[in-house]
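Reader: Please show me the model. Then justify the labels you put on it.

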Amino acid sequence: MKKSYELKDFLNVALFVVLYYAAFFAAMCAGYIPVLMTVLPLITGIVCGIPFMLFLTKVKKPGMILLMGLICGLLSLTMGSGIWPLITAVAASLLAELILWALHGTATIHTIWVYVVFTLWDIGFGLRLYLASFDSYRERLVEQHGETYVSEMLSHVSGIGFWGGVVLTLVGGLLGGLLGYVVFKKHFQKIGKKA
């Protein structure tokens with residue numbers, strides 16, 4: 001395994017950030033329906049499993065998952081999601097990176113757990129909602145969508161609680177990882193044989 005980074009490594013990360021974040025953004029649009037805010041972590045975890053698991057078949061060097069998570073967090077920050085998604089993206093990506101390299105960088109069915117851990121960055125979006133009553137985020141939401149929408153949305157989110165959101169994130173990551181693994185099983189088997 002080469003240690004030095006090449007242009008194609010950065011191009012791979014850029015390509016998969018686009019694929020992953022497009023899927024993530026599309027899934028997040030379901031959140032505009034207040035009742036779906038409750039299951040949003042589950043939806044995003046399932047939808048994003050395919051692009052992320054394909055990305056894992058291209059990861060050859062340490063740091064690529066961390067770079068992807070950092071870019072996703074920065075994209076979320078620039079789109080007005082606040083600092084929490086960036087913080088959780090860096091933390092979850094770093095942990096996912098460590099797990100992948102503890103598996104000796106091989107793409108096997110165990111890499112599903114890499115994706116499950118990576119999906120924990122989604123908790124940052126939940127955190128901003130749970131902290132909405134304590135900061136200006138709620139005021140901004142009210143300005144954009146109106147008091148009725150925000151009150152209904154927050155009532156649905158608070159119904160399952162923060163830890164319920166974490167569980168849904170993990171379940172979504174597991175289902176999405178399994179889906180991605182099944183779709184790209186041949187790629188994973190080829191890489192597993194090379195390792």
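Author: What follows takes up disulfides, burial, a salt bridge and the core.

Author: This is a predicted model; local features need pLDDT of at least 70, side-chain atom pairs count only at pLDDT 80 or more, and totals for chains, interfaces and linings use all residues. Residues are numbered from 1 along each chain as its sequence is written, and side-chain values use heavy atoms, with hydrogens and water left out.

Reader: Why does Cys 72 not bond to Cys 48?

Author: A disulfide needs two cysteine sulfur atoms within 2.5 Å. The closest cysteine sulfur to that of Cys 72 is in Cys 48, 8.5 Å away, so the gap is too far for a bond. The disulfide count is 0.

Reader: What makes Cys 72 buried or exposed?

Author: Buried means under 20% relative accessible area, exposed over 50%, partly exposed in between (1.4 Å probe, protein chains only). Cys 72 has 0%, so it counts as buried. Cys 29, at 34%, is partly exposed.

Reader: Why is the pair Asp 9 and Lys 61 called a salt bridge?

Author: The term asks for a side-chain nitrogen of Lys or Arg within 4 Å of a carboxyl oxygen of Asp or Glu. The closest N and O atoms of Asp 9 and Lys 61 are 2.6 Å apart, and the pair forms a salt bridge. Asp 9 lies in helix α1 (residues 7-28), and Lys 61 in the loop between α3 and α4, 52 residues apart. Helices are DSSP runs (H or I, at least four residues).

Reader: How do you know that Asp 9 is buried?

Author: Its relative accessibility is 4%, so Asp 9 counts as buried.

Reader: How many residues has the largest nonpolar core?

Author: It has 40 residues. Such a core joins buried Ala, Val, Leu, Ile, Met, Phe, Trp, Tyr and Cys through side-chain atoms within 4.5 Å.

Conventions. Helix = DSSP H or I, 4+ residues; strand = E, 2+ residues; numbered from the N terminus.
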